[in-house]
Every structure is written in structure tokens, then in C-alpha cells.
Amino acid sequence: MNSALWLLMKLRLKGWARRLGRNVQTVKGAILTAIFGLMLLVWLSSITFSAFMAQRTPSSTVPAEQVERFLPLVLLIYSLGMIATSGAQTPFVFAPAEVQFLFSGPFSRRQLLAYKIISQFLLVLPVSLFMSVAMRSLAGSFLSGLLAALLTFAFMQLFGLTVNLVACSLGEALYSRARRIVLLGVLVALAGAAFWALSTGGISGGAVGVLKEIEQTEAFQYGISPFRWFVKVLTAREWDIDFFQYAGRALALDLGMLVLVFALDAKFMEQAAANSERRYARLQKLRSGGMAGLATMKPGKPRIFLSPLPWLGGIGPIVWRQMLAAMRSHRILGVLIFATLISCIGPVIAATSNANNSDQALPYTLAGMALVMSMLLNQALAFDFRADVDRIEVLKTLPIPAWRIAVGQLITPVLYSSVYQVFLVAILNLFLGQLDVMLAFTVALAIPVNLLLTGVENWLFLLFPARMGPAHPGDFSHAGRQMLLMIGKGVALLFGLGLPGVFAATAYLVAGRIWFIAVVAAFVPALVLSFLPIPLVTLAFKNFDVSRDTPP
């Protein structure tokens, strides 16, 4: 690689350090960076103690058989997701300045390709080091965990590059057709495996039994064998001949994809030059409004409309605008629901593989996982102040009381999250059963609890305003802000579910074990708690100084 590109990477590292120093010069930046540093120190101390100081016992480690069975499924889902979501676009994100200066500079196509790959791989090194310590309970040793993390993250990076470069080489129309063929082939293979399992003796256990039988078929096991190489490196306890064989296979797979990446570099610069401006605009839109903000960038005439809502003192038009954006982002919600359901396949098989009546607890475990994942939904789909960070000056000029603006901004994400949660629990209840009571509690508590969580998140956002995405890799103040949000939402969730839970349990025992009365008793305190953040959001909105607090 050209020495000037090495110098550029060195100067970018210095620039990152200079930006970090500039962030801690402000009061809010120093507080957020300190929160991140403190949480990181506590986390590193905890995992370091458990990894190296505490004695490893069979109860503190995950059996290697379980790890080798389920982690390949994670890599398979990642690979299928990359094939399904990639397109005929550049696999690299070049800033407009990079396109202007690097593409016109005295650098060859492969020098720029190597520059981007090395830059991305350097980001993988610290992540691999952290993950090797964090996965100590899964790994056979620290060194095997570190090597497995490096090989796995390199695979994930190179696989994404390979898929996108193949798309660039084939063209959009041909790649879309090939992608449909691949996904259709996967579905046909799964259906064939299910049919084979049915024809060879039947399946007990309904949908769960089908998944377990498909997972045990020879064709499926053969298909995920390349992913198992990485897991075998992770679980190796001795550096014997088997370890070097699996490590060599995983390394050969990574190197093969690297060679393929350089062989498919024919059009990536042209694609990057053509798409850089649009990709950069998408990133800026993502930072301003999250995933929901991308829905406003779709070309063409919109096909979804919403009739105007009643005035309601000014609340109605605000809800109408956010609700319309939410309806036009329905595909994002569908992707999140699909990803949640797919992520439950591994825990389903893992839980049902054990005895001791695990099938009875499985529906509640999966429903709990789905509800916990919904906490991340508020950050992915922002239809409130977080998406309107560049429009707050307009909101302040509206002839509407501040509390009505706050209420109007909170209604849409609350409804969106509640629909997401109720739909997921209803689907799980349909396929697994035993969730009638939990579905009733979800329907009753979804709106109050989500109003509490969304209110707390918007309050903290107005106190510590920032874009939805980090400005640059290693933005510690942004990471500290995310930790502060998670702490605030965790405390809110503790009170939002804990107090209604106490009321529900008391009413259930006093009223003679009648679930309907328990649900009603839980709804009342949850509804009261849900209104508490509204005055805080209103006050924070009033104190928001557009000239000073609007993030860059």
C-alpha cells in the first residue's frame, strides 16, 4: 500500500484523539465520557476477574457441545441476512472528501481497496480483544477465544464485502434475481428437510419439533460445517492437531474471501463515486432520525396517506405527522419482527433439548426475550424529539402549550412499540400456547410502560442532545450517552413493572386467584406512573436552547 495512505491512517488516528479531547472540554461531554469510562472500567474489571482470577468450574462454563451446536446457527443467520439485505451498491462507505481527493490521487484501485480493508480490520482488533475476555465462559482458553474472535470478525467483514462486490459485478437486476434464487433454495431445503423428517417417522412437538428435526438432518449439518470451524477454534482447550486443522480451515476461508474481494474490485470505485453522495446523505439522515428517518428518502410518489386527525388543542397535527412517518416505515417494523422471531430459533432448540419440563417454561422465556428486545425498538424507530432534533426551533414557535407538544411527540412511538410487543406475544401464544395470561398483561401494560420508557428517553435526550448515530468511530461521549439512557430506562422499567407487579400479586391473592382482577390491579398503578415523565419532558423542552444545545 502507498506510504501516503499509511500516513493518512496515522493522521486520522490523531484526529480521533483530538476530537476525544475536544469532547471532554464541555460539561455534558465530560459527564458522558466519564459515565462511559466508569461503566467500561467496571465491566472490564468484572470480566477480567471472572476470566483470570476466579476458578473455572463446570458450572461456570457453557458445555462445549452446546456452544458448537448453536453458535454456527448465529453465523448462518448473519450470512443469510447479508445476502437478503445487500444490494448492487458499493460495499465501502466513502465520505465525499475521500471520493474527491483519494479517487483523483496517484493511487491504484487495489491500493484504495487495501486501505479500506486495513482500516476496517484495525477496528476489529480491539473488539476481538474485548470479546475474547467476555466470552471466557464459552472459550476453551483465552488464546483460543482471541484467535476465534479474530477469525470470526474477519469472516463477517470479508463476507459482507464479498456479497456486495458480487452484487456490484452482477448488476442490480441480475443480483436481485440471483438473491431470490438463493433464498428460495434455502426455503426449499428447509421444507425438504421438514418433509423428510415427517416421512421417516413423524414429528412430535408441533413447530418446535419441526425445528429440532430440521436442525438434526444431515443436509443441514453439512451446510453449517464451515461455520462450525470457527466455533471449534473457540472451544478448543488444547492446541493439538485438531485445533490447527480447524484454525487452518477457518483461516483458509478468510483468505479465500480476501482473494475474491481483490478479484472482484473491477467496478467498486465507480460504484463508490456514484453512490457516495447518496450513502452519505443516508448516514446523515440515520444520525438525525434513526432508521425511521430513512423512510422519508424513498423516491417517487408516496403510496400511504393518513386522514387528518382531530385538532385536540394542537396535539392532533403533531401525532398525524409522526404517525404518517411511522406508517411509511412499516417495512422497518416488519424487519425487526422477523429478526426477533428468527433470533428465537436457537433458544427454542436449546431449551427444548433439555429435560426437566423445559417446554413449559419455553413460551414465557421467549416472550420475555421479545419484550426485552422491545426496549431497543425505541432507539431504532424514533418518531419523537429524537427525530426532530433539527426541527425543535419550529416546534418552539408553534402557538401550542409546551406540554401538548410533548404529549403529541410521545404518542406515536408508544403506539408503535405497543403494537410490536402485542403482536410478538400473540404470535408466540399462537404457536407455543400457554401465554394467555401473559398476553393479557401485555395488552394491559404495553401502553403505560412504553409511555414511561419513551418519556424517560426523550427527557434524557433533551438534557443530553445528540444524533442517533456516533459522529465517528470511538465516540466515547455518544457511548456514555447510550449507557445513561439504558440506566435511566432500566430504573424506569424497574418501577414501571415492579409496582404494578406488587399490586397484581396482592389483588390476585386477595380476590381468590382471579387473573382478570390482577390485570386490572396492575393497570392502574402503571397508568399513574406513565404520566410522571410528561412534566419532565415539558420542562426539558422549554429549557432546550436551539443555538447552544443542537448537536452538530
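**Exercise 1. Find the handedness with which α1 passes α5, and then describe how the two helices pack.**

Solution. Helix α1 passes helix α5 in a right-handed crossing, where right-handed says that the near helix is turned clockwise from the far one by less than a right angle, and left-handed that it is turned anticlockwise. The structure is a predicted model, in which local features need pLDDT of at least 70 and side-chain atom pairs count only at pLDDT 80 or more, while totals for chains, interfaces and linings use all residues. Residues are numbered from 1 along each chain as its sequence is written, and side-chain values use heavy atoms, leaving out hydrogens and water.

Next, locate the helices, which are DSSP runs of H or I with at least four residues, numbered from the N terminus: α1 covers residues 3-23 and α5 covers residues 109-134. They pack at an angle of about 30°, with their axes 11 Å apart; the axes are lines fitted to C-alpha atoms over the stretch in contact, and angles run from 0 to 180 degrees between N-to-C directions.

Finally, list the contact (heavy atoms within 4.5 Å). Helix α1 contributes Leu5, Trp6, Leu8, Met9 and Arg12, and α5 contributes Gln111, Leu112, Tyr115, Ile118, Ser119 and Leu122.

**Exercise 2. State which helix gives the most to the largest nonpolar core, and look at Val261.**

Solution. A nonpolar core is a set of buried Ala, Val, Leu, Ile, Met, Phe, Trp, Tyr and Cys residues joined through side-chain atoms within 4.5 Å, and buried means under 20% relative accessible area, with exposed over 50% and partly exposed in between (1.4 Å probe, protein chains only). The largest core has 23 residues, and Phe155, Phe159, Phe227, Phe230 and Val261 have the most contacts inside it. At least two residues each come from α3, α5, α6, α10 and α11, and α6 gives the most, with seven residues. Leaving aside residues up to four places away in sequence, Val261 touches Leu113, Ile117, Leu158, Leu161, Thr162 and Leu165.

**Exercise 3. Decide whether Leu146 is buried, partly exposed or exposed, and do likewise for Leu312.**

Solution. Leu146 lies in helix α6, and because its relative accessible area is 23%, Leu146 is partly exposed. Leu146 touches Ser128, Leu129 and Ser132, not counting residues up to four places away in sequence. Leu312 sits in the loop between α12 and α13, and since its relative accessible area is 56%, Leu312 is exposed. The C-alpha atoms of Leu312 and Arg404 are 9.1 Å apart, although 92 residues separate them along the chain.
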